[in-house]
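Could you walk me through this model, starting from one helix and working outwards? I'd like to know what holds on to what, and where the odd spots are.

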Amino acid sequence: MKNILDDKYFMREALKEAKKAYEIGEVPVGAVVAIKNNIIARAHNLTQTLNDVTAHAEMQAITSASNYLNGKYLIGCSLYVTLEPCVMCAGAIFWSQLDRIIYGASDLKRGYSLHGDLLHPKTKVFRGELEKESIDLLQSFFKSKRK
């Protein structure tokens with residue numbers, strides 16, 4: 001029997017969060033944190049809503065997961081995010097010691113990978129999971145803003 005709780009499943013959940021951001025006028029980025037096939041945190045961008053440049057989906061998800069686990073380290077956890085994290089979020093990912101990060105679309109302007117290896121040495125990175133869906137949502141958002 002195939003495990004339905006694979007990376008695609010969790011990335012679909014992150015995309016649901018990104019759609020929530022889209023609906024409220026935020027850049028549509030969503031994130032979930034999972035441990036042992038259980039989602040422990042869900043978040044989407046809230047920078048406009050909270051008037052806070054640090055309110056990225058990843059930052060919100062890391063904070064929520066840390067609160068859930070009652071600790072600052074997210075060892076054993078995976079972060080699923082629809083867009084490659086920025087440098088700020090990569091720093092938070094480094095300090096939280098996430099086991100894995102799985103992201104959809106690469107960020108060719110602000111992605112952390114443009115600046116070298118900023119993640120914890122034990123963090124494994126998987127790129128391109130549901131990339132097309134992530135890109136389509138972002139492009140749709142920015143196209144609607146240019147009208």
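Here is a tour that begins with a helix, moves on to charged pairs and a pocket, and ends in the loops.

Keep in mind that this is a predicted model. A good place to start is helix H1, which covers residues 7-23. With 17 residues, H1 reaches 24 Å from its first C-alpha to its last, close to the 24 Å expected at 1.5 Å a residue. Which residues of H1 are buried? They are Asp-7, Phe-10, Met-11, Glu-13, Ala-14, Leu-15, Glu-17, Ala-18 and Ala-21. As for what they pack against, the partners are strands E1 (30-35), E2 (38-44), E3 (77-83) and E4 (100-105), along with helix H5 (131-145). After H1 comes Gly-25, which has a positive phi, near 85 degrees.

You may have spotted charged names in that buried list, among them Asp-7, Glu-13 and Glu-17. Time to look at their partners. Side chains of opposite charge can pair when their charged atoms come close. The count for this model comes to 6 salt bridges. One of them joins Asp-7 to Arg-100, with the closest N and O atoms 2.7 Å apart. That pair ties together distant parts of the chain, as Asp-7 sits in helix H1 and Arg-100 in strand E4, 93 residues apart. On accessibility, Arg-100 comes out as partly exposed, at a relative accessible area of 21%, while Asp-7 is on the buried list of H1.

Glu-17 keeps things local. Its side chain meets that of Lys-20 in a salt bridge at 3.0 Å, N to O. Both residues belong to helix H1 and are 3 residues apart, about one turn of the helix. Why does that spacing suit a pair? An α-helix has 3.6 residues a turn, so residues three or four places apart point the same way. Are Glu-17 and Lys-20 buried or exposed? Glu-17 is buried, with a relative accessible area of 3%, whereas Lys-20 counts as partly exposed at 40%.

Helix H5 has a pair of its own. There, Asp-136 and Lys-132 form a salt bridge (2.7 Å, N to O), and they are 4 residues apart in H5, again about one turn of the helix. Lys-132 is exposed, with a relative accessible area of 57%, and Asp-136 is partly exposed at 36%. Back with Glu-13, that residue is linked with Lys-16 and Arg-42 in a network of salt bridges.

Now for the empty space. Rolling a probe the size of a water molecule over the atoms shows where empty space is left. How much space lies in the largest pocket? About 830 Å³. The largest pocket has 27 lining residues, and those nearest its centre are Leu-83, Asp-107, Arg-110, Leu-138 and Phe-142. H5 turns up again here, giving the largest share of the lining, 6 residues. Helix H2 (47-50) and H5 each supply at least two residues of that lining. If you're thinking about chemistry, the lining splits into 12 nonpolar, 7 polar and 8 charged residues.

While we're at H2, take a look at Thr-49, which is placed in that helix. Apart from its neighbours within four places in sequence, Thr-49 is in contact with Ile-24 and Glu-26. The C-alpha atoms of Thr-49 and Met-11 are separated by 24 Å, with their positions 38 residues apart along the chain.

Last stop, the backbone. Most residues other than glycine have a negative phi, and most peptide bonds are trans. Asn-70 goes the other way, with a positive phi near 55 degrees. Asn-70 lies in the loop between helix H3 (57-69) and E3, and it is exposed, with a relative accessible area of 71%. Gln-97 also has a positive phi, about 60 degrees, although it is not a glycine. Where is Gln-97 placed? In the loop between helix H4 (87-96) and E4. Gln-97 is partly exposed, with a relative accessible area of 25%.

Gly-71 is found in the loop between H3 and E3 and counts as partly exposed at 27% relative accessibility. From Gly-71 to Ser-96 is 25 residues in sequence and 9.3 Å in space, C-alpha to C-alpha.

Conventions
Residues are numbered from 1 along each chain as its sequence is written. This is a predicted model: local features need pLDDT of at least 70, side-chain atom pairs count only at pLDDT 80 or more; totals for chains, interfaces and linings use all residues. Side-chain values use heavy atoms; hydrogens and water are left out. The expected span of a helix is 1.5 Å times one less than its number of residues. Buried means under 20% relative accessible area, exposed over 50%, partly exposed in between (1.4 Å probe, protein chains only). Contact means heavy atoms within 4.5 Å. A salt bridge is a side-chain nitrogen of Lys or Arg within 4 Å of a carboxyl oxygen of Asp or Glu. On a 1 Å grid over the protein atoms alone, a cavity is a set of points where a 1.4 Å probe fits but cannot get out, and a pocket is an open set with protein on both sides within 12 Å along at least five of seven lines; lining residues have an atom within 4 Å of a point. Grid points are joined across faces, edges and corners, and a volume is the space filled by probe spheres set on the points. Ala, Val, Leu, Ile, Met, Phe, Trp, Tyr, Cys and Pro count as nonpolar, Asp, Glu, Lys and Arg as charged, and the others, Gly among them, as polar.
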